[in-house]
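Visitor: I would like to learn how charged side chains are read in a model such as this one. Could you take me through the salt bridges slowly?

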Amino acid sequence: MSRSRPDRDYEELHGDADFLADYGEDMGRTLNLDTWLPEHALDKVMSRFRLEIAQAVRTEDKLRSIIRAEVLPQIGGLTGAPREAGVYVAEPAQLEAIYQGLLFSGRVEAVNGSFSSYESVPLGITQIGIAIVGYAGTQGTFSQRLFRKEVAEKHNNLLQDVLDCIQRRQDNSSSARRAPYSRLARRGIRAFAERSALVDKARAEWRIGQGNPFSYDMLTGSGYQRLLDASLDVLRRLVLQHKKFVFVSPILDGRGLLTLGSSLLPGEYAVIETMAEFGDQVIERWQYDLDNGQLVTDFLEECSPEVLTGVFRTSPQAPPRLFFAHREHVHVAARIAIADSMLRRERGYPMLLDMAEMTCRSAFGEDGFLGLVQDAYSQVGAGLQFFNDSRSRR
């Protein structure tokens with residue numbers, strides 16, 4: 001029996017040129033396993049690593065010199081740049097004032113979160129944990145556990161309920177977008193919980209969060225109306241009422257801005273732009289319905305001009321970091337981020353955020369969570385028949 005090949009949409013298959021530009025190698029060569037090195041050829045692997053890294057470092061050094069001489073001095077005069085845009089230095093006396101007056105006196109708290117999930121055929125459990133920490137011994141932890149199940153306790157038509165259950169499970173297995181409490185939703189709930197804890201649970205004058213305050217998962221609601229409504233409410237209160245916050249990105253996202261940041265000297269920071277362009281990208285990428293599109297547009301028009309994006313650097317060994325702060329307090333916010341990050345110069349990332357993450361791991365670690373689930377299955381006599389020992393790859 002012959003099978004017809006599906007029509008191929010060549011308009012969507014345009015990534016080969018991008019792959020060649022990014023990796024300097026044709027996709028066809030990458031897919032040819034005869035060009036791959038065997039496991040024991042470590043000398044060739046290391047030789048390739050040294051060659052590629054040396055070339056990248058030389059290129060980056062040249063780029064950094066040009067950016068420092070030609071681009072950084074012009075940041076404040078770029079079209080559309082906020083009036084605060086420019087390159088600044090966090091002076092030692094200013095950092096000492098941050099240490100004594102804010103950080104070590106307990107007037108700064110950081111929030112970080114984590115989630116762990118367990119999936120089995122009859123039941124899925126997601127644990128989301130949030131930790132708040134400060135240097136004055138302040139610490140708080142909160143957790144929420146979500147249970148996914150498809151079978152109701154009472155049945156009017158048992159056979160139809162069972163068939164519906166089988167179909168739902170099959171659909172949810174084959175479509176991550178349709179799965180309840182999907183990874184997207186879990187990320188959105190965690191991002192909301194972190195910001196809600198910053199606004200409503202933290203007590204310090206200054207609050208530190210991780211990532212972009214306008215999380216993409218929150219601005220889209222991850223597809224959930226109530227999450228979108230709650231997210232816009234908490235972000236409005238953060239931006240328009242609290243204002244004294246700084247968010248620092250833990251990942252090397254926004255490579256264009258990080259390239260500018262790599263030209264900064266230790267202790268320098270650059271204020272670059274508002275969140276308006278990011279907001280435009282969210283509206284363009286997510287397919288909102290008319291009402292929700294207007295809700296998010298109104299929020300972004302009101303709040304995105306009030307939040308500024310910048311980049312700072314704490315040492316020659318650490319990468320630059322993106323930060324986000326309210327424009328009324330952007331300079332104090334940058335100094336708080338730099339001062340706390342200088343406590344671990346090799347990492348260049350706020351110590352309080354790392355402490356909050358470690359607190360989460362200690363209180364809500366994945367091993368402990370899975371142990372609780374396994375113990376509960378054993379206590380109800382289910383043994384290991386539903387226990388899924390293979391952990392999902394993230």
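The dialogue below turns to salt bridges and how covered their partners are.

Guide: This is a predicted model, in which local features need pLDDT of at least 70 and side-chain atom pairs count only at pLDDT 80 or more, while totals for chains, interfaces and linings use all residues. Residues are numbered from 1 along each chain as its sequence is written, and side-chain values use heavy atoms, with hydrogens and water left out.

Visitor: How many salt bridges does the structure hold?

Guide: Side chains of opposite charge can pair when their charged atoms come close. A salt bridge here is a side-chain nitrogen of Lys or Arg within 4 Å of a carboxyl oxygen of Asp or Glu, and the structure holds 18 of them.

Visitor: Which parts does the pair of Arg327 and Glu84 tie together?

Guide: The closest N and O atoms of Arg327 and Glu84 are 2.9 Å apart. Arg327 lies in the loop between β9 (321–326) and α12 (330–341), and Glu84 in the loop between α3 (42–71) and β1 (86–89), so the pair links parts that are 243 residues apart in sequence; helices (H or I, at least four residues) and strands (E, at least two) are DSSP runs, numbered from the N terminus.

Visitor: Are Arg327 and Glu84 buried or exposed?

Guide: Both Arg327 and Glu84 are buried, where buried means under 20% relative accessible area, exposed over 50%, and partly exposed in between (1.4 Å probe, protein chains only).

Visitor: Where does the salt bridge of Asp233 and Arg237 sit?

Guide: Asp233 and Arg237 are four residues apart in helix α8 (residues 225–242), and therefore about one helical turn separates them. Their salt bridge spans 3.3 Å from N to O, and Asp233 is partly exposed at 42% relative accessible area.
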